[in-house]
Number of protein chains: 2
Amino acid sequence: MKFKLTILGSSGAVPFKDRFPTAHVLNIREQLFLIDCAEGTQMRMSRFNIKRGKINHIFISHLHGDHIFGLPGLLTSFGMNHREAPLHIYSPKGLKGMIDGLFPYEEKGPPYPIHYHELDTNQSQLIFENKEVEVFSIPLQHGIDCNGYLFKEKKLPRNMLREKIEEYQIPFQQIPSIKEGADWINPKGEIIKNEELTKSSPEPRSYAFCSDTAYTESIIPIIEDVDLLYHEATFLHKDIDKAIATHHSTAQQAAMIAKKANVQQLVIGHYSARYEEKEDHLTEAKAIFKATHLAYDGAIFEVEKK
Amino acid sequence: MKFKLTILGSSGAVPFKDRFPTAHVLNIREQLFLIDCAEGTQMRMSRFNIKRGKINHIFISHLHGDHIFGLPGLLTSFGMNHREAPLHIYSPKGLKGMIDGLFPYEEKGPPYPIHYHELDTNQSQLIFENKEVEVFSIPLQHGIDCNGYLFKEKKLPRNMLREKIEEYQIPFQQIPSIKEGADWINPKGEIIKNEELTKSSPEPRSYAFCSDTAYTESIIPIIEDVDLLYHEATFLHKDIDKAIATHHSTAQQAAMIAKKANVQQLVIGHYSARYEEKEDHLTEAKAIFKATHLAYDGAIFEVEKK
């Protein structure tokens with residue numbers, strides 16, 4: 001029942017020393033979701049033990065190079081590893097043309113199906129769901145079409161209490177409907193209330209990825225109460241003028257958003273290469289929102305079962 | 001008077017663990033030449049202390065992704081670091097269109113001049129020279145337009161012997177012509193022979209980069225007698241059928257070329273991800289050509305002044 005975020009790259013646009021640019025992998029119950037795919041993502045996966053073959057869904061925030069230049073290499077490696085499974089890529093419009101232009105020669109693009117899903121960036125939408133997970137877009141303000149992404153577990157059916165199956169001699173074919181909330185009427189016509197037979201499944205967990213973006217409170221209703229929020233913090237607040245000029249945020253602003261959205265934990269990253277160390281980012285954010293953590297390449301953040 | 005090769009990436013097409021795909025930096029007397037530019041090249045430069053701002057010339061062997069997918073990121077970072085110096089990129093034709101397609105948005109390509117030089121891949125040509133260095137293309141056999149590159153120091157003028165300047169009271173304005181070979185006629189009309197006044201400058205050094213390629217003896221006349229040869233060795237000879245099918249070479253074949261071309265030192269690399277270890281490549285090559293070395297990410301090979 002994993003809910004585990006791995007930071008593959010924590011740098012801003014220009015990589016700096018051991019900081020690669022943005023890519024995150026979210027593991028929800030062994031389903032892997034790749035979020036942004038900067039240059040070096042496939043190498044970071046090797047380094048941090050992410051099995052790239054398990055990636056079936058890639059979510060791209062926007063089409064700046066430091067969020068997509070790892071795609072061509074990753075898509076090529078999938079092909080060379082004889083991938084056959086379809087790959088789904090979600091992004092603002094324009095990505096397909098950029099990628100296709102890189103395969104003009106005998107290898108006419110990767111030999112497995114790629115489905116590009118072009119997203120609206122003006123309103124939050126449900127863009128993916130399966131039995132266990134749903135993903136919503138989060139429109140961001142970055143001077144270019146840009147979405148963050150909200151990943152939410154779905155609430156699972158109630159869990160059957162095993163000892164009750166035996167105690168009341170409940171036939172197995174009745175179990176699915178009891179899990180969905182039905183009472184059990186035994187052969188004598190006695191009603192056993194659902195509450196006695198089941199317990200609630202764990203509360204769904206959630207992760208919101210917000211990068212790149214200027215400070216915008218428009219995202220708060222979407223990300224409210226999430227367990228884990230990643231919000232970019234390219235600059236320190238003393239450089240707020242640079243943040244405004246480049247449609248980025250400061251550590252202080254990231255913390256303000258976390259506080260106003262009442263999230264559980266905040267992770268900051270996307271540090272500008274002008275900062276050799278990132279401790280000042282942490283101090284600045286923690287002054288406003290205590291449960292702040294620094295992203296670094298290889299960092300892991302897990303949300304426990306609730 | 002450096003002549004120093006740094007391997008930034010030693011992997012074949014699919015990166016494997018700590019092996020990034022192909023990129024080399026050759027430092028000839030503090031002029032840096034980048035040869036191929038696979039994904040992650042700019043991060044490897046940071047890691048191995050290569051100052052990326054000193055790169056003015058990039059030589060691309062061919063347009064497969066594992067030799068070029070680091071270009072978009074590197075070109076972007078140059079721009080973000082306020083580069084103004086022109087950049088020269090040498091490659092088979094088609095590269096410019098691929099790169100331009102990646103900058104469709106507000107950043108309309110990098111804000112410094114890029115000169116693309118499209119090369120013939122059918123015959124060896126002098127493609128670059130300055131006062132100290134000349135670079136020749138080496139047509140390779142890879143089932144796609146592909147060049148290796150031969151880097152040669154130029155023979156410098158003879159070195160003036162300082163003590164002779166004093167002994168014969170030679171005016172400074174005469175020194176350039178003496179370095180070029182002229183004798184010195186002193187005010188009394190006596191001829192002092194050039195050999196007494198100068199000594200030969202060091203012998204020029206050379207490096208040949210041959211990747212990717214099937215075994216082809218056509219390159220031997222071009223690379224004959226080089227000090228340092230890099231020849232790809234994607235496969236072990238037991239997998240010769242795979243080498244033939246993919247237009248690559250085996251370690252044994254790389255060594256055969258080194259031997260027949262009478263080179264001083266051989267470096268092999270571009271290992272397929274199927275080989276976890278590369279000691280077998282070394283053993284196989286050394287059986288034929290003793291002075292063989294394994295490329296690995298971060299390896300440095302220097303050619304001493306001769």
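Trainee: In chain A, what share of the contacts between residues at least 6 apart in sequence joins residues at least 24 apart?

Mentor: In this predicted model, that share is 64% of the contacts in chain A between residues at least 6 apart in sequence. A pair counts as a contact if the C-beta atoms, placed from the backbone, lie within 7 Å, and chain A itself has 11 helices and 18 strands.

Trainee: How many of the residues of chain A are called buried, as a percentage?

Mentor: Buried residues make up 44% of the 306 residues in chain A, where the word requires 20 or more other C-beta atoms within 10 Å of the residue's own.

Trainee: How do you know that chains A and B are related by a rotation, and what are the turn and the shift?

Mentor: Laying chain B on chain A takes a turn of 180° and a shift of 0.0 Å along the axis, and the RMSD is then 0.1 Å. The two copies are therefore related as by a two-fold rotation axis. In chain B, the residue whose C-alpha comes closest to that rotation axis is Gly40(B), at 2.6 Å. The same surface serves both copies, in that 97% of the contact residues of chain B recur in chain A.

Trainee: What makes up the side of chain B that touches chain A?

Mentor: The contact involves 29 residues of chain B and 28 residues of chain A. On the side of chain B, the elements giving two or more residues are helix 1 (41-47) and helix 3 (71-80), and helix 3 of chain B supplies the largest share, five residues. Sorted by class, that side of chain B has 15 nonpolar, 11 polar and three charged residues, and Gly is counted with the polar ones.

Trainee: Why is helix 3 of chain B called mostly covered?

Mentor: Eight of its 10 residues are buried, and each of those eight therefore meets the cut-off of 20 or more other C-beta atoms within 10 Å. The buried residues run through Leu71(B), Pro72(B), Gly73(B), Leu74(B), Leu75(B), Thr76(B), Ser77(B) and Phe78(B).

Trainee: Which elements cover the buried residues of helix 3 of chain B?

Mentor: The cover includes elements of both chains: helix 2 (65-68) of chain A, together with helix 1, helix 2 (65-68), strand 5 (87-92) and helix 4 (95-100) of chain B.

Trainee: What is the phi of His82(B), and where does this residue lie relative to helix 3 of chain B?

Mentor: His82(B) lies just after helix 3 of chain B and takes a positive phi of about 60°.

How values were computed
Residues are numbered from 1 along each chain as its sequence is written. Chains are lettered from A and ligands numbered from 1 in the order in which they are written. This is a predicted model: local features need pLDDT of at least 70, side-chain atom pairs count only at pLDDT 80 or more; totals for chains, interfaces and linings use all residues. Copies are superposed by least squares on the C-alpha atoms of residues with pLDDT of at least 70 in both. Two residues are in contact if their C-beta atoms, placed from the backbone, lie within 7 Å. Helices (H or I, at least four residues) and strands (E, at least two) are DSSP runs, numbered from the N terminus. A residue is buried if 20 or more other C-beta atoms lie within 10 Å of its own, exposed if 12 or fewer, and partly exposed in between; C-beta atoms are placed from the backbone.
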